[in-house]
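Visitor: I would like to learn how to read a model of this kind, feature by feature. Could you take me through one, giving the general idea before the particular case?

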Amino acid sequence: MAKAKPSDIVGWYDLSWSGGSFPICFRPAGVFFCPKFQQPARWELEDDVIKIDWKRFGKYELKFHAETKSMEGNALPKSDDEKNWRKAAFSHALSPVEVLLLGDGAGSEWDFEWSGGKFPVKFKADGFNHFQCDEFPAHAHWSLEGDVVRINWADFGNYDMKVNTSESTMDGSMVGGDAAKDWRKAKFLRNLVDMTTAACEHH
């Protein structure tokens, strides 16, 4: 059987342990993302073992079974504790919208437009889904529901943007605003290359 490649791992999984289960995502370029327990976390593949560094939530080793796209392993250090085991079952691949936003693993840069002009924004693919805009800086984040990106821009408001993957564009408006006046548009510019997660006292 062919050796597993990092690209074989990428996607969404359900992680189970003694306390229940929740979704996790192995993103491109070794970024590990968990909506429920966000950290600047990383993953890497060594032979058929996935090593996860979940920062303040610990380190883990999971053996990958390519035929079922499942994983089983434990928290480190390994012990006989009944809470030490972990299992993961494949849920689904990255959606076309996620592929566009995440780029090569660092995220993507877009030209963001409103009635007052245009400026670049960045959808960071770090463990916190940071949203970055140098012109209007804030501790901001993005999240995804289907093909709609929600931007939580702190004091600058929240925005829902519907993504058109075939055109690499977004259209939307401020949440709770007047769609005719508070419209926003964005067009894909490029994939980001900087994998750095900004130091942030908020997390």
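Guide: What follows goes from the overall fold to cysteines, backbone geometry and single residues. Please keep in mind throughout that this is a predicted model.

Visitor: Let us begin with the fold. How many helices and strands does the protein chain have?

Guide: The secondary structure of the protein chain amounts to two helices and 16 strands. As for its extent, the C-alpha trace spans about 60 × 35 × 30 Å along the principal axes.

Visitor: What does the radius of gyration of the protein chain say when it is set against a compact globule?

Guide: The idea is to compare the value with the one expected for the chain length. For 203 residues a compact globule would have a radius of gyration near 17 Å, and because the protein chain has 18 Å, the two agree. Contacts add another view: among those between residues at least 6 apart in sequence, 39% join residues at least 24 apart.

Visitor: How much of the protein chain is buried, and what does the exposed area consist of?

Guide: Buried residues account for 38% of the 203 residues. The protein chain exposes about 10900 Å², of which carbon and sulfur atoms supply 51%. The charged side chains number 25 positive and 31 negative, and the centres of these two sets lie 1 Å apart.

Visitor: Now the cysteines. How many disulfides are there?

Guide: A disulfide is a covalent bond between the sulfur atoms of two cysteines. In this model the count comes to zero disulfides.

Visitor: Why is Cys25 not in a bond with Cys34?

Guide: The cut-off for a disulfide is a pair of sulfur atoms within 2.5 Å. The cysteine sulfur closest to that of Cys25 belongs to Cys34 and is 10 Å away, so the distance is too far for a bond. Cys34 is likewise in no disulfide, its nearest cysteine sulfur being that of Cys25. Cys25 is buried with a relative accessible area of 0%, and Cys34 is buried as well, at 2%.

Visitor: What should I look for in the backbone angles?

Guide: Most residues other than glycine have a negative phi, and most peptide bonds are trans. With that in mind, Ala29 has a phi near 65 degrees, a positive value in a residue other than glycine, and Asn129, which is not a glycine either, has a positive phi of about 55 degrees.

Visitor: Where do Ala29 and Asn129 lie, and are they buried or partly exposed?

Guide: Ala29 is in the loop between strand S2 (20-26) and strand S3 (31-33), where its relative accessible area of 41% makes it partly exposed. Asn129 is in the loop between strand S10 (117-124) and strand S11 (130-132), but with a relative accessible area of 5% Asn129 is buried.

Visitor: Which peptide bond is cis, and what is its omega?

Guide: The bond from Leu76 to Pro77 is cis, with omega near -5 degrees. Pro77 belongs to the loop between S7 and strand S8 (85-92).

Visitor: How should I read the surroundings of a single residue, for instance Phe123?

Guide: One takes its element, its burial and its contacts together. Phe123 is in strand S10 and counts as buried because its relative accessibility is 0%, the cut-off being under 20%. Leaving aside neighbours within four places in sequence, Phe123 is in contact with residues including Leu101, Trp110, His130, Phe131, Trp142, Ile151, Met170 and Leu192.

Visitor: What are the element, burial and contacts of Thr169?

Guide: Thr169 is in strand S15 (residues 169-174) and, at 17% relative accessibility, counts as buried. Beyond residues up to four places away in sequence, Thr169 touches Trp110, Lys162, Val163, Asn164, Ala186 and Lys187.

Visitor: How does separation along the chain relate to separation in space for Ala4 and Asp48?

Guide: These are two separate quantities and are best read side by side. Ala4 and Asp48 are 44 residues apart along the chain, and their C-alpha atoms are separated by 6.5 Å. Ala4 is in the segment before helix H1 (6-9) and is buried, at 17% relative accessibility. Its contacts, not counting residues up to four places away in sequence, are Leu45, Asp47 and Phe64.

Visitor: And how far apart are Thr68 and Pro6?

Guide: Thr68 and Pro6 are 62 residues apart in sequence, with a C-alpha to C-alpha distance of 16 Å. Thr68 lies in the loop between strand S6 (59-65) and strand S7 (70-75), and its relative accessibility of 49% places it among the partly exposed residues.

How values were computed: Residues are numbered from 1 along each chain as its sequence is written. This is a predicted model: local features need pLDDT of at least 70, side-chain atom pairs count only at pLDDT 80 or more; totals for chains, interfaces and linings use all residues. Side-chain values use heavy atoms; hydrogens and water are left out. Helices (H or I, at least four residues) and strands (E, at least two) are DSSP runs, numbered from the N terminus. The radius of gyration is taken over C-alpha atoms; the globule rule is 2.2 Å times the number of residues to the power 0.38. Buried means under 20% relative accessible area, exposed over 50%, partly exposed in between (1.4 Å probe, protein chains only). Contact means heavy atoms within 4.5 Å. Accessible areas come from the Shrake-Rupley method with a 1.4 Å probe; for residues, only the protein chains shown count as cover. Lys and Arg count as positive and Asp and Glu as negative; His and the chain ends are not counted. The place of a charge is taken as NZ of Lys, CZ of Arg, CG of Asp or CD of Glu.
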